[in-house]
Amino acid sequence: MHLSGTLLVGPEFEPCEGRLHVADGTIESIERTTVNSDAIVMPAFVNAHTHLGDSIAKEAGEGLSLDELVAPPDGLKHRLLGQADDETLVAAMARSIQFMERAGTAATLEFREGGRDGVALLDRALAGQALRAVTFGRGDPSVLDVADGYGASGAADRDFTAERAAAADADAPFAIHAGEVDARDIDPALDLDPDLLVHMVHATEAHLDRVERESIPVAVCPRSNLATGVGRPPIAALHDRTTVALGTDNVMLSSPSMFREMAYAADLSGVPAAEILAMATHNGAQIAGLDGGTITEGAPARLIVLDGDSDNLAGVQDVRRAVVRRASVADVTDVLLPE
Ligand SMILES: [Zn+2]
């Protein structure tokens, strides 16, 4: 099969008119030629940070603090989850996964609570769906038997030395939230030599130096941070120092649409559109050890097709900026997510 239109090619997402030839789920060749098509073809998204488990609690708890919302065991999220049966939780996660696929997301780095049982519920929600979830489990280190990695809440909550060691033993990635509410848990998180930091809203210059020196990638979730009132992540400063990827965080707080996250991140940070696109695609793929995230020959054909002549996008001058700041799920005409 082939796809024609404006192709956002390579790691710079260079707009080029032409035709993509796809065979066996792989981009076989990129033909630069004049085509009669308004389509825009871009790589599918990799969401670098989600909590799908609270899909039952969308928009709950307006005005509550971060602790009141999500801190275990008594935060609103955990009370609502505790009241719901497994079928309800699985069905709600499956609806979020379907939405993410329709919104062009190929893979997500999912931070799953509830230990091994939590991972089992997620697996039920993923059954038969095309979205790939790289799961970061929580709780007892034995969760690493069923999860891809360990996802710690934060170094201020308790000591994660044993969990960190267990992840290393299992040759699995160890990720941890840091600097969401304040800066105090950032150095303790870095002391654990994590493979991924999440949030870093309150990173200081010294923390940025350390992140750069130790080459630790960061997942930022700017809409979530705005919703919980903790501040704005220094996306441009982090981007100067290390690999940054965008995540949409808790479904209860923010719709898991990478279009929305890109638009907000771009306006908040002033980072050029091509680099925001990288944060929404191949940077997350690289962090998760997945291939793809760019339109290059030989890459997996996980792609989004947009209608460049939709009422929203017609007349666009700068395609990359339009995709980042203006496009939405309503402009998506097709999503290819081969195995
Ligand atoms: Zn999180």
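# Terms tested against the model

Modeller: In strand β15, V332 is the bridge partner of L306. The model is predicted, with local features requiring a pLDDT of at least 70, side-chain atom pairs counting only at pLDDT 80 or more, and totals for chains, interfaces and linings using all residues. Residues are numbered from 1 along each chain as its sequence is written, and side-chain values use heavy atoms, with hydrogens and water left out.

Biologist: How do you know that β14 and β15 pair, and in which sense?

Modeller: Two strands pair if DSSP finds at least two bridges between them, where a strand is a DSSP run of E with at least two residues and a helix a run of H or I with at least four, both numbered from the N terminus. Strand β14 (residues 303–307) has 4 bridges to β15, in the antiparallel sense, and these two therefore meet the condition for pairing.

Biologist: What makes β3 and β15 edge strands, and of which sheet?

Modeller: The sheet is open and has 6 strands, ordered β3-β2-β1-β4-β14-β15, with mixed pairing. Strands β3 (26–32) and β15 (332–336) are called edge strands, since each pairs on one side only. Between neighbouring strands of this sheet the average turn is 35 degrees, direction ignored, with axes taken as lines fitted to C-alpha atoms, for helices over the stretch in contact, and angles between N-to-C directions running from 0 to 180 degrees.

Biologist: What does S4 contact, and how do you know that its side chain makes a polar contact with R19?

Modeller: S4 lies in strand β1 (residues 2–9), and, leaving aside residues up to four places away in sequence, S4 touches G18, R19, V35, S37, A39 and V41, contact meaning heavy atoms within 4.5 Å. A polar contact is a pair of N or O atoms within 3.5 Å; within protein, one must be able to donate a hydrogen and the other to accept it, and residues adjacent in sequence count only if both atoms are side-chain atoms. The side chains of S4 and R19 are 3.3 Å apart in their polar contact, so the distance falls within that limit.

Biologist: Which strands stand at the edges of the parallel sheet, and why?

Modeller: The open sheet of 9 strands runs β12-β11-β10-β9-β8-β7-β6-β5-β13, with parallel pairing. Strands β12 (244–246) and β13 (249–250) each have a single partner strand, so one side of each lacks a neighbour in the sheet. Within this order, β10 (residues 196–199) and β11 (residues 218–220) run parallel and are joined by 2 bridges, which therefore meets the minimum for pairing; V198 stands opposite A219 in β11.

Biologist: Why is the pair of F45 and F259 called edge-to-face?

Modeller: The whole structure yields 4 aromatic pairs. In the pair F45 and F259, the ring centres are 5.0 Å apart and the planes stand at 90 degrees, so the pair is edge-to-face. F45 is in strand β5 (residues 45–51) and F259 in helix α10 (residues 258–269), so the pair links distant parts of the chain, 214 residues apart. The rule is that rings of Phe, Tyr and Trp (its six-membered ring) pair if their centres lie within 6.5 Å, with planes under 30 degrees apart counted as stacked, over 60 as edge-to-face and the rest as tilted.

Biologist: How do you know that F45 and F259 are buried?

Modeller: Buried means under 20% relative accessible area, exposed over 50%, and partly exposed in between, with a 1.4 Å probe and protein chains only. F45 has 0% relative accessibility and F259 has 2%, so both count as buried.

Biologist: What makes Y150 and F174 a stacked pair?

Modeller: Their centres are 6.0 Å apart and the planes differ by 10 degrees, so the pair falls within the distance limit and in the stacked class. Y150 is in strand β8 (residues 149–152) and F174 in strand β9 (residues 174–178), so the pair ties together parts 24 residues apart in sequence. Both Y150 and F174 are buried, and together with F160 they form one aromatic cluster.

Biologist: M200 and S215 both have positive phi; which is buried and which exposed?

Modeller: M200, with phi near 55 degrees, sits in the loop between β10 and α7 (205–213) and counts as buried at 0% relative accessibility. S215, with phi of about 50 degrees, sits in the loop between α7 and β11 and counts as exposed at 56%.
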